[in-house]
Amino acid sequence: MIKTWRQNDEARCEDAASWVVRLEAGIFGDAEAIAFDAWLSSSPGNVSAFDLAMRVSQQVAANAEPIAQGLSAKRSIRPAPDRRMVVGGFGIAAAAVLAVMAAPQLISSTSTETYATAKGERRSVTLADGSRVDLNAGTRLTVSLSRSARTVRLYQGQAVFDVAHNAERPFFVTAGDRTVRVVGTQFDVRRREGKLSVTVARGAVEVRPAEGAYGKAYRLRPGQRLDHVEGNARTLVVKAEASEVLAWRTGRLVYREQPLSEVIADLNQQWSTPIRIDDATLGAVPVSGVLVLDNQDAVIRRLALLVPISAVRSDAGLILRRDRTSDR
């Protein structure tokens, strides 16, 4: 479908370029005028394409002298002395049609970039549209910018998006089986181990099932968080303090009744030595508090003040066990 749209769009712009050249070259009789009027009125897209062709032609005319000089130097062709404002002389008209025919290629082209962070690495990226993306550790995503949309695919990890407002170019973030749609806002998206969370700090976003997925759409406003398990139609929307969720950008992790297993999943993105929990029941223990990300040993000591755990180092990494000596 996208391919067909692009093909039609390019063909329309080529037709528009041809009409501009014929108009400005003076080869336009009654039959041509009737045909041109029929083409122009057959589609609003033709009108837009013709307007674009005229604008490009005017830009070429504004640089007519440098173009003519270049043609003269390379081909020993003298520029036409009578040059109109829009396009004058066959050489300039040819340059105009080439520029106009190239316009749809330039406008419809899509640039795609991949961004990734390693363990313990955070990164900030400013996109070509002015939007900013802050990537947490262990994150990988791609960004595609086109004239009609801005599309991000989050494969894993966590990122904060501060989206530049542009009503004509919506911003999409696809993570697993859900797609977030915005125009201009700030929000956090976290995707790890099949679990997705979207938290809005400013503006509003719409979260809906991606193509082929099941479920309903939700509109989130500041102070709301959506939690979703991929492959499950059920979605939960709860209150959230956005400043706490986004605190990871300053090296702090803030938790409110989050399972220990999720805390460990976050910490495992920070250091190469893996942290493991020795039983599932311990992983379900809720954690509330703030962890400053300085070094692994210090973080584990602080974590032990929040939940009844003890840590044992082994060849497999750092093993967390329930602290039986605690009376909590």
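Which residues of helix 7 are buried? I shall answer that shortly, and I should say at once that we are looking at a predicted model.

In helix 7, the buried residues are Leu260, Glu262, Val263, Ile264, Ala265, Asp266 and Leu267. The helix is thus mostly covered, with seven of its eight residues buried. You will notice that the list includes Glu262 and Asp266 alongside residues such as Val263 and Ile264.

What does helix 7 lie across? Helix 7, which spans residues 260–267, lies across strand 15, strand 17 and strand 18, and runs at about 165 degrees to strand 15. Helix 9, residues 296–306, also lies across strand 15, strand 17 and strand 18. Its direction is about 150 degrees to that of strand 17.

Let me turn to the sheet itself. Three strands make up an open sheet with mixed pairing, and their order is 15-18-17. At the edges are strand 15, residues 275–277, and strand 17, residues 309–314, each of which pairs on one side only. On average, neighbouring strands of this sheet are turned by 30 degrees against each other, direction ignored. Strand 15 pairs with strand 18, residues 317–322, in the parallel sense, over three bridges. For a specific point to locate on the screen, take Arg276, whose bridge partner in strand 18 is Ile319.

I move now to the nonpolar interior. The largest nonpolar core contains 28 residues, and those with the most contacts inside it are Leu141, Phe161, Phe187, Val189, Val198 and Val205. Strand 5, residues 150–162, supplies the largest share of this core, namely four residues. Apart from this core lies another one, of 23 residues, which includes Val160, Trp248, Leu291 and Leu318.

Phe187 deserves a moment of its own. Setting aside neighbours within four places in sequence, Phe187 has contacts that include Ala159, Val160, Phe161 and Val163. Val173, Val180 and Val182 are also among its contacts, as are Val198, Thr199, Val200, Ala201 and Val205. Val160, then, is in contact with Phe187, although Val160 is listed in the core of 23 residues.

Finally, I come to the start of the chain. Is Val21, in helix 1, buried or exposed? Val21 belongs to helix 1, residues 2–25, and it counts as buried because its relative accessibility is 19%, whereas the cut-off for buried is under 20%. Val21 and Ala53 are 32 residues apart in sequence, and their C-alpha atoms are 9.4 Å apart in space.

Key: Residues numbered from 1 in each chain as written. Predicted model: local features only at pLDDT ≥ 70, side-chain atom pairs only at ≥ 80, totals over all residues. Heavy atoms only, no water. Helix = DSSP H or I, 4+ residues; strand = E, 2+ residues; numbered from the N terminus. Buried < 20%, exposed > 50% of the residue type's maximum accessible area, 1.4 Å probe, protein only. Pairing = 2+ DSSP bridges. Axes fitted to C-alpha atoms, helices over the stretch in contact; angles between N-to-C directions. Contact = heavy atoms within 4.5 Å. Core = buried A, V, L, I, M, F, W, Y, C linked by side-chain atoms within 4.5 Å.
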